[in-house]
Amino acid sequence: MCGTDEYGTATETRAMEEGLTPREICDKYHAIHRDIYEWFDIDFDKFGRTSTPQQTEIAQAIFMSLYEKKRLNENTMIQPYCTTCNRFLADRLVEGTCPTPGCGYEDARGDQCDLCGKLLNADDLINPRCKVCGNTPEKRPTDHLFLDLPGLNDQLQSYINNTSKRGGWSSNSIQQTNAWIRDGLKERCITRDLKWGVPVPLEKYKHKVFYVWFDAPIGYISITANYSPEWEKWWKSPEDVELVQFMGKDNVPFHTVIFPSTLLGTEEPWTLMKTISVTEYLNYESGKFSKSRGVGVFGNDVKSTNIPVEVWRYYLLTNRPEVSDTLFTWVDLQAKQNNELLKNLGNFVHRTLSFLAKPLGEGGFGKVVPEVGNPEEHELTRNLAIKVKSTVDEYIKSMEAVKLKGGLKAAMQVSSLGNQYLQDSQFWKLYKEDKPSCAIVLKTSVGLVHLLATLLEPFMPSFSHKVLAQLNLPVSTLSLVEENDELERAYKPWMLVQSGHSIGSPEPIFAEMKDDEMEGYRQKFAGSQADRAAALQSATEALSVSNSSTVAPEKNTKGKKGGNAATGKKIPAVAKDLPLDVSRLDIRVGLITDVKKHPDADSLYVEQIDVGESTPRTVVSGLVKFIPIEQMQNRKVCVLCNLKPAAMRGIKSQAMVLAASNADHTVVELVTPPEGAAVGERVTFPGYTGEPDDVLNPKKKIWESVQPDLHTGSDLVAQYKDVPFTTSSGICRVQTIANGGIK
């Protein structure tokens, strides 16, 4: 069961950006999500949405139950109010300069800075402004209702202590939950000054709505309320329901603290979450996926590739960040497809079925599963059965514990066992020398093929259905339960497909991924979605101009490079129609001539750096805890010179020193030019030409778009995508950090 969570500030903001009503924007994206899930073979008994009348009814019933039981308290808050828009501004509707030392990003939101990732409050922002009109908001009081979490502490602690053990909560979910409650629970505001949401069913607050996290999970829970006939086929009493929830780690406290407290506060018999499966972050290439900036390849992108859905599903599930952050790379996707799916799984399935399908007179069995003697007396097959039983048991254990990667690994191990079994049996020789033994091997292997289709169906249903078509068996045979001796037959795979059964026509399921194909995808999905859309629009406009007969030929003008011959002035960057890539950055070789600790910040250095100009630039860097001051003195560094200057604890930083960090940001090293590189020379990137912007416009987010593709390679070379940082004396490197991000 799932659905689209449609209420909240993000919806109102996106609707304004696209010129739609909140209802229209929700209808649009509900359909997009539904279609993406359908393409991905994600199947739901119910895929709903939070904006339905039923959802409103049940949410308001919970609200009133809490209100009547005095679990809601009234308090006054001071919030930003825009006098131009005549509305209180939620955090996402306030923008300003990030106050985080070393950041200074001028388009930070009131809830988070997209550049440094720091969680914020609107009050934290420097020079705050309304996102809609740009006006400086004023602060006004507004009344809100708060959930009494402290008063529910005992019930919540009992629920967490019992359920986390019984439900086998993952360690990351327990850690995040404990972090929330360690210092004592505080009242939680559950109302907002928004128009789009579930209305508060009280006269005084009729112009307010519930906070989105108050009602978002109800779609999962509401089957227990039996509010509509369509739910009756699933309805059971709460004690007979096991609720498992899946989410990213940043959502944990809402599902382990806030929402359970909400339900416990009603004192009604709701189904509470038993097991929670939490993932860390999946990063993209050398940077991070970012929905807000459109960095990465997303669900709506994958259909434009030629990569089958079963390959996408396999890669994302085998790479699922269950314990720690993992990395999506096109090279890794290619390797897993070619080595694990093609050479292991696909090879076993096709090798087995194609041999069985050969005509009787040509070394096969004519597509018919042969009659066999007693496979348990065949030593190689008997030993295989022992290993298969152990692997299937491990699969079941992992799946019951919602350890999906473990389940997938066990399923793929069955394929490895099958390949080894075929190889050890030398079935092609047995066909000529010991046909009864060959029949045992083939019947057992066909059973393993069916077992693989069963085990892998939750992970790759399209693969399983293709296998069933080749086996000529119905989907109803994909079952692995103790009833009807199905599990016992799985332990003895020669029992899974009956002798005399005729299979269909075998065909290879997986194809090899080529290097040029993967490189094409890397280039296609480089930068952000906005960049790609802009590039497409620019290319279309350029084609339109080149095809127009009314465009006058360009005059041969002479003057300053990048300038206008008539005025002698430099053409503004916005008029150049430049690509959004590393050529927009002004990265130079710099020499640190002086460095001191910041007088008002223990974590910051203040450096004087010669970048080939008449006077050194002042640069503030958050490197104190990573690099000793003596290692900063008189060394060459790579300096990004065209960022907009930003004040950091009272000192204006006029550039940024580039450094690499490892995955958990515990080690940071400077990107170092070669010894002979000239101070002030521009660092170049072969294949990316063009003059840099005078100043990177922070509203265009050029640096934020290019930075995720800056990284170190396995050979410690600093790179943009796969192109090295290059100077007249050679390439730039780091000391020890391989495959790290650079910023």
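**Helix packing and aromatic contacts in a predicted model**

Let me begin with helix 10 and helix 16, whose axes come within 7 Å and cross at roughly 130°. That angle makes helix 10 oblique to helix 16. I should state at once that this is a predicted model, and everything I describe is computed from it.

Which residues make this crossing? From helix 10, Val 309, Glu 310 and Arg 313 take part, and they meet Pro 461, Ser 462, Phe 463 and Lys 466 of helix 16. As general background, an α-helix has 3.6 residues a turn, so residues three or four places apart point the same way.

Helix 16 is one of several elements that surround helix 10. Of the 10 residues in helix 10, 8 are buried, and the helix is mostly covered. The buried residues are Val 309, Glu 310, Val 311, Trp 312, Arg 313, Tyr 314, Tyr 315 and Leu 317. The list thus includes Glu 310 and Arg 313, both of which also meet helix 16. What covers the buried residues? The cover includes helix 2 (22-39), helix 9 (299-302), strand 16, helix 11 (330-357), helix 13 (404-425) and helix 16 (461-471).

I turn now to the aromatic residues, and I shall return to helix 10 by that route. The search of the whole structure gives 25 aromatic pairs. As an example, the ring centres of Tyr 37 and Phe 44 lie 5.7 Å apart with their planes at 70°, so this pair is edge-to-face. Both partners are partly exposed: Tyr 37 has a relative accessibility of 22%, and Phe 44 has one of 24%.

A further example is Tyr 315 with Phe 328. Their ring centres are 5.4 Å apart and their planes stand at 80°, so this pair too is edge-to-face. Tyr 315 belongs to helix 10 (residues 309-318) and Phe 328 to strand 16 (residues 326-328), so that the pair links distant parts of the chain, 13 residues apart. Are these two residues buried or exposed? Tyr 315 is buried, at 1% relative accessibility, and Phe 328 is likewise buried, with a relative accessible area of 1%.

This pair also belongs to a wider group. One aromatic cluster is formed by Tyr 284, Trp 312, Tyr 315, Phe 328, Trp 330, Tyr 521 and Phe 525. Trp 312 and Tyr 315, both in that cluster, are among the buried residues of helix 10.

Aromatic rings also meet charged groups in this model. The charged end of Lys 389 sits over the ring of Tyr 491, at 4.7 Å from its centre. In another case, the charged end of Lys 435 sits over the ring of Phe 365, at 5.9 Å from its centre.

The next topic is a second helix crossing. Helix 3 (residues 53-68) packs against helix 8 (residues 252-266) at an angle of about 65°, with the axes 8 Å apart. The two helices are therefore roughly perpendicular to each other. As to hand, the crossing of helix 3 and helix 8 is left-handed.

At this crossing, Ile 62, Ser 65 and Leu 66 in helix 3 meet Thr 262, Leu 263, Gly 265 and Thr 266 in helix 8. Ser 65 merits a further remark. It is buried, with a relative accessible area of 4%. Which residues does Ser 65 contact, leaving aside its neighbours within four places in sequence? They are Thr 266 and Glu 268.

Two backbone positions should also be mentioned. As a general matter, most residues other than glycine have a negative phi. Lys 70, however, has a positive phi, near 55°. Lys 70 lies in the loop between helix 3 and strand 3 (72-82), and it is exposed, at 66% relative accessibility. Val 402 likewise has a positive phi, of about 55°, although it is not a glycine. Val 402 is placed in the loop between helix 12 (379-400) and helix 13. With a relative accessible area of 13%, Val 402 is buried.

Finally, some totals for the protein chain. The secondary structure comes to 20 helices and 31 strands. Of the 743 residues, 48% count as buried. Among contacts between residues at least 6 apart in sequence, 70% join residues at least 24 apart.

Key
Residues are numbered from 1 along each chain as its sequence is written. This is a predicted model: local features need pLDDT of at least 70, side-chain atom pairs count only at pLDDT 80 or more; totals for chains, interfaces and linings use all residues. Side-chain values use heavy atoms; hydrogens and water are left out. Rings of Phe, Tyr and Trp (its six-membered ring) pair if their centres lie within 6.5 Å; planes under 30 degrees apart count as stacked, over 60 as edge-to-face and the rest as tilted. Buried means under 20% relative accessible area, exposed over 50%, partly exposed in between (1.4 Å probe, protein chains only). Helices (H or I, at least four residues) and strands (E, at least two) are DSSP runs, numbered from the N terminus. A charge sits over a ring if NZ of Lys or CZ of Arg is within 6 Å of the ring centre and within 35 degrees of the ring normal. Axes are lines fitted to C-alpha atoms, for helices over the stretch in contact, and angles run from 0 to 180 degrees between N-to-C directions. Angles under 35 degrees count as roughly parallel, over 145 as roughly antiparallel, 65 to 115 as roughly perpendicular and the rest as oblique. A crossing is left-handed if the near helix is turned anticlockwise from the far one by less than a right angle, and right-handed if clockwise. Contact means heavy atoms within 4.5 Å.
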